[in-house]
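Biologist: Hi! Could you walk me through this protein model? I'm new to this, so plain words please.

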Amino acid sequence: VSQRFTDGHVNVRAGDRIIRLSDLNELFEVASVPESLLATATDRVLGIHARFGFLPEQRFELEFRENRGEADAVAQTYEMTFAMPRPESVNILPGMTATLARELGA
């Protein structure tokens, strides 16, 4: 349970939000990228990894999932989503900030 929307022992109606559940088996990283990177990306993007500020020496390989087909109206960047399995050795949680990088030559 990642968030509770009501207190215990409260009457609720059909359709009311009660709790938010999070599946932590897989974590998603969302990045805004320039069109030059999106233009070279396919469903087989390789060599992308994430680093977290509290683990600067460790990198986590990412798998491309999807990209938004429309640019942000202000920044003119495209949203790309990557995924990684949640590591058991460290406590990485949804909402934590990561730096994404592409391998040179990938």
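Modeller: Happy to; we can go from the overall layout to the sheets, the surface and the charged pairs. Keep in mind that this is a predicted model.

Biologist: Thanks! How many helices and strands does the chain have?

Modeller: There is one helix, along with eight strands. If you walk along the sequence, the order is β-β-β-α-β-β-β-β-β.

Biologist: And is the chain compact or spread out?

Modeller: The chain is more spread out than a compact globule, because its radius of gyration is 18 Å, well over the 13 Å that the globule rule gives for 106 residues. Along the principal axes, the C-alpha atoms fill a box of roughly 60 × 40 × 25 Å.

Biologist: What share of the residues is buried?

Modeller: Of the 106 residues in the chain, 23% are buried.

Biologist: OK, on to the sheets. Which strands go with β7?

Modeller: β7 sits in the middle of an open sheet of three strands, in the order β3-β7-β6, with antiparallel pairing. The edges are β3, residues 26–33, and β6, residues 63–67; each has a single partner strand, so one side of each has no neighbour in the sheet. On average, neighbouring strands here are turned by 30° against each other, ignoring direction.

Biologist: How many bridges hold β3 and β7 together?

Modeller: Eight bridges, with β7 covering residues 78–85 and the two strands pairing in the antiparallel sense. If you want a spot to look at, find Ala31, which stands opposite Met80 in β7.

Biologist: What about the stretch between β6 and β7, which residue could I look at there?

Modeller: Try Arg68, which is in that loop. Its relative accessibility is 49%, so Arg68 counts as partly exposed; the cut-off for exposed is over 50%. The C-alpha atom of Arg68 is 8.5 Å from that of Thr81, and these two residues are 13 apart along the chain.

Biologist: Where does β4 fit in?

Modeller: β4 belongs to another open sheet of three strands, ordered β5-β4-β8 and paired antiparallel. At its edges are β5 (55–61) and β8 (98–102), each with a single partner strand, so one side of each is left free of a neighbour in the sheet. The twist from one strand to the next averages 30°.

Biologist: How many bridges join β4 and β8?

Modeller: Five bridges join them, and they run antiparallel; β4 spans residues 48–52. Within this pair, His49 stands opposite Ala101 of β8.

Biologist: Switching topic: which residues make up the nonpolar patch on the surface?

Modeller: The patch is made by Val1, Val10, Val12, Ile18, Ile19 and Leu21, and covers about 540 Å². Val1 comes in the segment before β1, which is residues 3–4.

Biologist: Is Val1 buried or exposed?

Modeller: Val1 has a relative accessible area of 63%, so it is exposed.

Biologist: Now the charged side chains. Why would they pair up at all?

Modeller: Side chains of opposite charge can pair when their charged atoms come close. In this model the count comes to four salt bridges.

Biologist: Which residue does Asp16 pair with?

Modeller: Asp16 pairs with Arg13, and their closest N and O atoms are 3.8 Å apart. Asp16 is partly exposed, because its relative accessible area is 31%. Arg13 is at 65% relative accessibility, so it counts as exposed.

Biologist: And what does Arg59 meet?

Modeller: The side chain of Arg59 meets that of Glu61 in a salt bridge, 3.0 Å from N to O. Arg59 has 37% relative accessibility, so it is partly exposed. Glu61 is also partly exposed, at 44%.

Biologist: How about Arg65, what is its partner?

Modeller: One partner is Glu63, with the closest N and O atoms 3.4 Å apart. Arg65 counts as partly exposed at 34% relative accessibility, and Glu63 is partly exposed with a relative accessible area of 48%. Through shared partners, salt bridges join Glu26, Glu63 and Arg65 into one network.

Biologist: Great, I'll go and find those in the viewer. Thanks!

Terms used:
Residues numbered from 1 in each chain as written. Predicted model: local features only at pLDDT ≥ 70, side-chain atom pairs only at ≥ 80, totals over all residues. Heavy atoms only, no water. Pairing = 2+ DSSP bridges. Helix = DSSP H or I, 4+ residues; strand = E, 2+ residues; numbered from the N terminus. Axes fitted to C-alpha atoms, helices over the stretch in contact; angles between N-to-C directions. Patch = residues over 30% accessible without salt bridge, like charges linked within 9 Å, V, L, I, M, F, W, Y side chains within 5 Å. Areas by Shrake-Rupley, 256 points an atom, 1.4 Å probe, with all protein chains shown as cover. Buried < 20%, exposed > 50% of the residue type's maximum accessible area, 1.4 Å probe, protein only. Rg over C-alpha atoms; globule rule 2.2 N^0.38 Å.
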